[in-house]
Amino acid sequence: MEKYKCEKKAQIKAKYTSELPRVSKPLSFYQRMGSQAPSLDASIQVVDPPKPRSLTFKCPLSLKRQTIPARTANCQHLETFDLLSFVDAFSLMGVLRVLHRGDPVPPHSIPHTCPICSTKAPLYIDSYILSSLTLHPDLMSVTVSPSGHLTPPTPTPDHPCVDLTSPPLHTGQDTGTSSPLPTPDLVSIPTTQAARRRFSFGDLGCRLGRRYQRLSAVDLTVASPC
């Protein structure tokens with residue numbers, strides 16, 4: 001049974017690849033940009049230019065690079081899926097539904113469900129993306145330019161980020177700002193002879209003049225009689 005299913009899937013792949021219409025959408029279909037999320041603060045104005053949209057060549061079914069990009073006629077998204085991987089995902093009932101119809105119909109009249117948006121409609125091959133796959137055989141994604149052209153991705157330079165919340169770090173060099181003060185050393189008091197001299201009120205009296213009596217030194221270490 002598995003061999004039979006593989007043989008029938010090979011027939012469907014050959015039939016779909018040769019008979020499905022190859023459509024190139026207008027450039028306006030490819031140049032649509034994703035909407036940006038609004039800022040939480042209405043007073044902040046975003047001045048960065050919008051980033052170019054990226055289109056991946058990875059199939060959402062096989063997670064491998066697409067060979068034949070396809071989507072349904074009702075799909076509005078830019079992304080495609082690989083036609084061969086899409087047929088590989090057919091169940092046995094899906095194979096029988098395509099090949100064993102009472103009245104044979106062309107593939108572009110058979111509705112299928114898109115694995116990306118679940119829209120049901122006949123399939124077609126996107127010839128514009130197919131040509132980009134052929135032109136860039138080693139790329140897994142391309143950049144959609146504002147004009148709608150598919151170009152190889154280019155690295156974007158990093159823009160400096162201005163932090164408006166954290167205080168700046170000052171180095172204290174020609175910035176007009178104060179730098180941390182050095183910790184002062186302990187001040188040593190010189191032990192000179194004048195500093196070791198015993199002080200008494202009598203000395204004060206001598207300086208003020210002889211009209212004051214010389215006062216004796218008061219010993220404050222003696223316990224008070226009270």
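Select Thr72 to start: this residue is buried, with a relative accessible area of 0%, where buried means under 20% relative accessible area, exposed means over 50% and partly exposed lies in between, computed with a 1.4 Å probe and protein chains only. The model you have open is predicted, so local features need pLDDT of at least 70 and side-chain atom pairs count only at pLDDT 80 or more, while totals for chains, interfaces and linings use all residues. Residues are numbered from 1 along each chain as its sequence is written, and side-chain values use heavy atoms, with hydrogens and water left out.

Stay on Thr72 and show its surroundings. Thr72 lies in strand β3, residues 69-72; strands (E, at least two residues) and helices (H or I, at least four) are DSSP runs, numbered from the N terminus. Once its neighbours within four places in sequence are set aside, Thr72 is in contact, meaning heavy atoms within 4.5 Å, with His112, Cys114, Thr119, Ala121, Pro122, Leu123 and Tyr124.

Leu123 leads to the next selection. It is one of the residues with the most contacts inside the largest nonpolar core, which has 19 residues, and the others named alongside it are Ile12, Tyr16, Phe81, Leu83 and Phe90. A nonpolar core is here a set of buried Ala, Val, Leu, Ile, Met, Phe, Trp, Tyr and Cys residues joined through side-chain atoms within 4.5 Å. Colour α1 (2-19), α3 (83-88), α4 (92-99) and β6 (120-126), each of which supplies at least two residues of this core; α3 gives the most, with 3 residues. Next, select Ile12, which, leaving aside neighbours within four places in sequence, is in contact with Val87, Phe90, Val95, Val98 and Leu99. A second, separate core of 11 residues can then be picked out through Phe57, Leu78, Ile129 and Leu150, which are among its members.

Go back to helix α1 and select Ala14, which lies in that helix. Ala14 counts as partly exposed because its relative accessible area is 49%. Draw a C-alpha to C-alpha distance from Ala14 to Leu84: the two are 70 residues apart in sequence and 9.3 Å apart in space.

Now turn to the rings. The structure holds 4 aromatic pairs, a pair being two rings of Phe, Tyr or Trp (its six-membered ring) whose centres lie within 6.5 Å, with planes under 30 degrees apart counted as stacked, over 60 as edge-to-face and the rest as tilted. Phe81 and Phe86 form a tilted pair, at 5.0 Å centre to centre and with 40 degrees between the planes. Phe81 counts as buried at 0% relative accessibility, and Phe86 is buried as well, at 8%. Elsewhere, ring pairs link Phe29, Tyr30 and Tyr128 into a cluster. Add Lys25 to that view, since Lys25 lies over the face of Phe29, at 5.4 Å from the ring centre; a charge sits over a ring if NZ of Lys or CZ of Arg is within 6 Å of the ring centre and within 35 degrees of the ring normal.

For the last stop, show the open sheet of 3 strands, whose order is β2-β7-β8 with antiparallel pairing. Its edge strands are β2 (53-56) and β8 (150-151), each pairing on one side only. Strand β7 (residues 141-144) pairs with β8 over 2 bridges in the antiparallel sense, two bridges found by DSSP being the least that counts as pairing, and Val144 stands opposite Leu150 in β8.
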